[in-house]
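Subject: Structure for you to look at

Dear colleague,

I am handing over a structure that I would like you to look at before we talk about it. Please open the sequence beside the structure, so that you can find each residue as you read.

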Amino acid sequence: MTAILDRATTPTSADATARLSLTPSGVRPGRLDGAWWPRSRDLLLELPSLAAEIDERWGRITRITVNPAQWPVIPRRIPVAGHTVHAGWFTVEQDQHMIMVCSYAPRRLSLLVVPPRTDAVEAARLMAEAADPANTRTASDLLAAESSAGAARPEVGSDFLPSAVTPSTGLGEADRRADLAWSRAASWPASA
């Protein structure tokens, strides 16, 4: 049985439900621990709802890593309900269609990131397969299998925001956006 969570948590988004599918508790997962289907490639907008859902089950998320091939802006810190999540990236070491989520209790989730513009039926199929404990494929392998099965795949760059910048270690657009989001998040009610 796969748990699919859908709950509003981020007050600044027009449609702020987390679309998340996780391997059932107590079951040893396959190569992936589930899937996440964000609505955009904007981590500042999308991560708070994901963190709120995972925080409840796992403890507070402290860090995420992504591959910059799929995320146009990767801020070093992302404000979520009542705390900050630190973000990092790996270009070679991490599958470009995966997000790794770490909590303060030494736990880690590897989630398939379903491309935002994916058809709902295809996304549901991908999410169920990624959360299947018998799955042995990587995130990229799952997406490639869907593509070869005849499903139309969106272009990788088609989901990027027009303000996209590459990850940077210096003060740049990502840090300015994170600072703005942090100031907005300070007025959000803390999650219970």
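Below I go through what was found, beginning with the whole chain and then turning to single places.

Please keep in mind throughout that this is a predicted model.

**The chain as a whole**

The protein chain is built from four helices and eight strands, and if you follow the elements from the N terminus on, you will meet them in the order β-β-β-α-β-β-β-β-β-α-α-α. Of the 192 residues in the protein chain, 47% are buried. The accessible surface comes to about 9400 Å², and carbon and sulfur atoms account for 53% of that surface. If you consider the contacts between residues at least 6 apart in sequence, you will find that 67% of them join residues at least 24 apart.

**The aromatic pair**

How many aromatic pairs does a search of the whole structure find? There is one, and the partners are W36 and W71, whose ring centres are 6.0 Å apart and whose planes meet at 15°, so the pair counts as stacked, because planes under 30 degrees apart are described in that way. As for where the two residues lie, W36 belongs to strand β3 (residues 34–36), while W71 is in the loop between β4 (61–66) and β5 (77–80), so the pair ties together parts that are 35 residues apart in sequence.

Are these two residues buried or exposed? The cut-off for buried is under 20% relative accessible area, and W36 has a relative accessibility of 1%, so W36 counts as buried. W71 also has a relative accessible area of 1%, and W71 is therefore buried.

**Charges over rings**

W71 has a further neighbour, for R41 lies over its face at 5.5 Å from the ring centre. In another place, the charged end of R19 sits over the ring of W37, and the distance to the centre of that ring is 3.6 Å.

**The salt bridge**

A search of the whole structure also finds one salt bridge, and this bridge is formed by E129 and R137, whose closest N and O atoms are 2.0 Å apart. Residues between the cut-offs of 20% and 50% are called partly exposed, and E129, at 23% relative accessibility, therefore counts as partly exposed. The relative accessible area of R137 is 30%, so R137 is partly exposed as well.

**Helix α3**

Which residues of helix α3 (residues 139–148) are buried? They are A139, L142, L143 and E146. When you look down the axis of α3, these buried residues fall within an arc of 95°, which means that they line one face of the helix. What covers them includes β7 (98–103), β8 (108–113) and α2 (120–131), so you may like to display those elements together with α3 when you study this part.

**Helix α1 and the loops beside it in sequence**

D42 is in the loop between β3 and α1 (43–58), and since its relative accessibility is 10%, D42 counts as buried. Along the sequence D42 and P75 are 33 residues apart, yet their C-alpha atoms are 9.8 Å apart in space.

Two residues within helix α1 are also worth finding. L44 is in this helix and, with a relative accessibility of 11%, counts as buried; its C-alpha atom is separated by 8.5 Å from that of I74, although the two are 30 residues apart along the chain. L45 is in helix α1 too, but its relative accessible area is 29%, so L45 is partly exposed. The C-alpha atoms of L45 and I78 are separated by 9.2 Å, and these residues are 33 apart along the chain.

Finally, R76 has its place in the loop between β4 and β5, and at 39% relative accessibility R76 counts as partly exposed. Its C-alpha atom is 9.4 Å from that of W89, which is 13 residues away along the chain.

With best wishes

Methods. Residues numbered from 1 in each chain as written. Predicted model: local features only at pLDDT ≥ 70, side-chain atom pairs only at ≥ 80, totals over all residues. Heavy atoms only, no water. Buried < 20%, exposed > 50% of the residue type's maximum accessible area, 1.4 Å probe, protein only. Arc of directions from axis to C-beta. Contact = heavy atoms within 4.5 Å. Phe/Tyr/Trp six-rings, centres within 6.5 Å; stacked < 30°, edge-to-face > 60°. Lys NZ or Arg CZ within 6 Å of the ring centre and 35° of its normal. Salt bridge = Lys/Arg side-chain N within 4 Å of Asp/Glu carboxyl O. Areas by Shrake-Rupley, 256 points an atom, 1.4 Å probe, with all protein chains shown as cover.
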